[in-house]
Amino acid sequence: MLNPTLITVIMAATVIGALAGALGTFLVLRGQSLLGEVISHAALPGVVGGFLASGGRDMSAILGGALISGALAGLVVQVLRRGAGVKADAALGTVLSLFFAAGVVLLSIAQLQPGAAGLTVFLFGQAASVLRADLLPMVLVALGVVSVLALFWKEFQLITFDREAAEVQGLPVVALETLLTVLIAITIVLGLALAGVVLMVAMLIAPAVAARQWVRSLGAMVALAGLFGVISGASGALLSAMGEGVATGPVMVLMAMAVTTLSLLLAPERGVLARWRRQMGARRALRGRQVLAALDGLSRDHRDPEYTSDEAMLDAYLGTNAGPVLSRLQKGGFIRAAAPVAPEIQGRRWELTGAGLERLHGGDSGDGAQGGDRGDDA
């Protein structure tokens, strides 16, 4: 039976998972997944700074410091990219290293203070640090973030897919990007107690990547990423409770990665298996068309519309056994077997049918297989 502590952790993980999945969608679509990593790691100096400023483990001071530090790191990245012209990867790497190094230095200083041992909780997270009293403020903050996201939905959608168009329309693009960065920072800060600064970024990225495989529209992707985040968070919290001393954050991340892996494999259009099936279909279609073209070419060379081609000749033409291709074409009614020209000849001979000629010259695939890959439009 679930105990009250576990229920609290599951509820907190559900809220964090839903919010992280929804906000992570914008990071993934904008190609800024590393920005989440920067903000997450940059929260460390804020955590330690809040501890030092309050003189103890005051959660409001610690989380407030983490929010300020994380948001500041995101804004510094923007300034370096937009103002100084630094390339995105260089700006992200520099800011991440700078803030995390500052956090490690502050952490070493804070270790001299009494009660500082518990600060390591914020590196990898600890479920026991989440109290029932924290749930209501967490839910209220999450609802506030979702409300802001809904209020500026059209603007966020436009800057995500076409930043230049947003500028042409006169939207305050920099302000909107700053607001989105702050929302992401708030999401990361909410999840620090569960996942920590090291692993929280995975809860942002993994559900969004998984959702991207299944849907094409932004709204559907945000909703599905939120659902995947809920599944990952709740199942991770439940599974971690089954093992003594197992950290909740890492298990949540493992569950998120499991959902992502299954999505990458099984998604009906973008999944690896679906792409493999389409590639195999394209290869079958190409071989079928090659056989039809060979039969048509041989009949033209011999100036005989009813000329029959030996199967061994077709094997040599394809460089492999043509039997499976010929069987598919025969089932489709595109070729038919003909009697051998002499009784002593054992191999079968084949000729085109009217349907086969129509397939060949009509531009469709030789054996009716659907080939090719469909482009992504989201």
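In which helix does P324 lie? In this predicted model, P324 belongs to helix α15, which covers residues 323–331. The residue is partly exposed, because its relative accessible area is 44% and the partly exposed class runs between 20% and 50%. P324 and L192 are 132 residues apart along the chain, and their C-alpha atoms are separated by 58 Å.

The secondary structure of the chain consists of 16 helices and 3 strands. The radius of gyration is 30 Å, whereas the globule rule gives 21 Å for 378 residues; the first value is well over the second, so the chain is more spread out than a compact globule. The C-alpha trace spans about 100 × 55 × 35 Å along the principal axes. Buried residues make up 46% of the 378 in the chain. Among contacts with a separation of 6 or more, 72% come from residues 24 or more positions apart. The exposed surface of the chain comes to about 18,000 Å², and carbon and sulfur atoms supply 64% of that area. The charged side chains number 27 positive and 26 negative, and the centres of these two sets lie 2 Å apart.

Two helices were examined along their length. Helix α4 runs over residues 88–110 and has 23 residues. From its first C-alpha to its last, α4 reaches 33 Å, close to the 33 Å expected at 1.5 Å a residue. The buried residues of α4 are A91, L92, V95, L96, F99, G103, L107 and A110. An α-helix has 3.6 residues a turn, so residues three or four places apart point the same way. The packing partners of the buried residues of α4 are α2 (33–54), α3 (59–83) and α5.

V48 gives a view of this packing from another helix, since V48 is found in α2. With a relative accessible area of 1%, V48 is buried, because the cut-off for that class is under 20%. When neighbours within four places in sequence are left aside, V48 is in contact with G103, L106, L107 and A110. Of these contacts, G103, L107 and A110 are also among the buried residues of α4. V48 and R287 are 239 residues apart in sequence, with 65 Å between their C-alpha atoms.

Helix α12, residues 248–266, has 19 residues. The distance from its first C-alpha to its last is 27 Å, close to the 27 Å expected at 1.5 Å a residue. In α12 the buried residues are T248, G249, V251, M252, V253, A256, V259, T260 and S263. These buried residues pack against α1 (4–29), α5 (121–124), α10 (192–212) and α11 (218–242). Helix α5 is thus listed as a packing partner for the buried residues of both α4 and α12.

Two further residues were considered for their exposure. D301 lies in helix α13, which comprises residues 272–301. D301 counts as exposed because its relative accessibility is 62%, and the exposed class begins over 50%. In sequence D301 and I186 are 115 residues apart, and in space their C-alpha atoms are 74 Å apart. Q157 lies in helix α7, residues 153–161. At 32% relative accessibility, Q157 counts as partly exposed. The C-alpha atoms of Q157 and G362 are separated by 42 Å, with the two positions 205 residues apart along the chain counted as their separation.

Note on methods
Residues are numbered from 1 along each chain as its sequence is written. This is a predicted model: local features need pLDDT of at least 70, side-chain atom pairs count only at pLDDT 80 or more; totals for chains, interfaces and linings use all residues. Side-chain values use heavy atoms; hydrogens and water are left out. Helices (H or I, at least four residues) and strands (E, at least two) are DSSP runs, numbered from the N terminus. The expected span of a helix is 1.5 Å times one less than its number of residues. Buried means under 20% relative accessible area, exposed over 50%, partly exposed in between (1.4 Å probe, protein chains only). Contact means heavy atoms within 4.5 Å. The radius of gyration is taken over C-alpha atoms; the globule rule is 2.2 Å times the number of residues to the power 0.38. Accessible areas come from the Shrake-Rupley method with a 1.4 Å probe; for residues, only the protein chains shown count as cover. Lys and Arg count as positive and Asp and Glu as negative; His and the chain ends are not counted. The place of a charge is taken as NZ of Lys, CZ of Arg, CG of Asp or CD of Glu.
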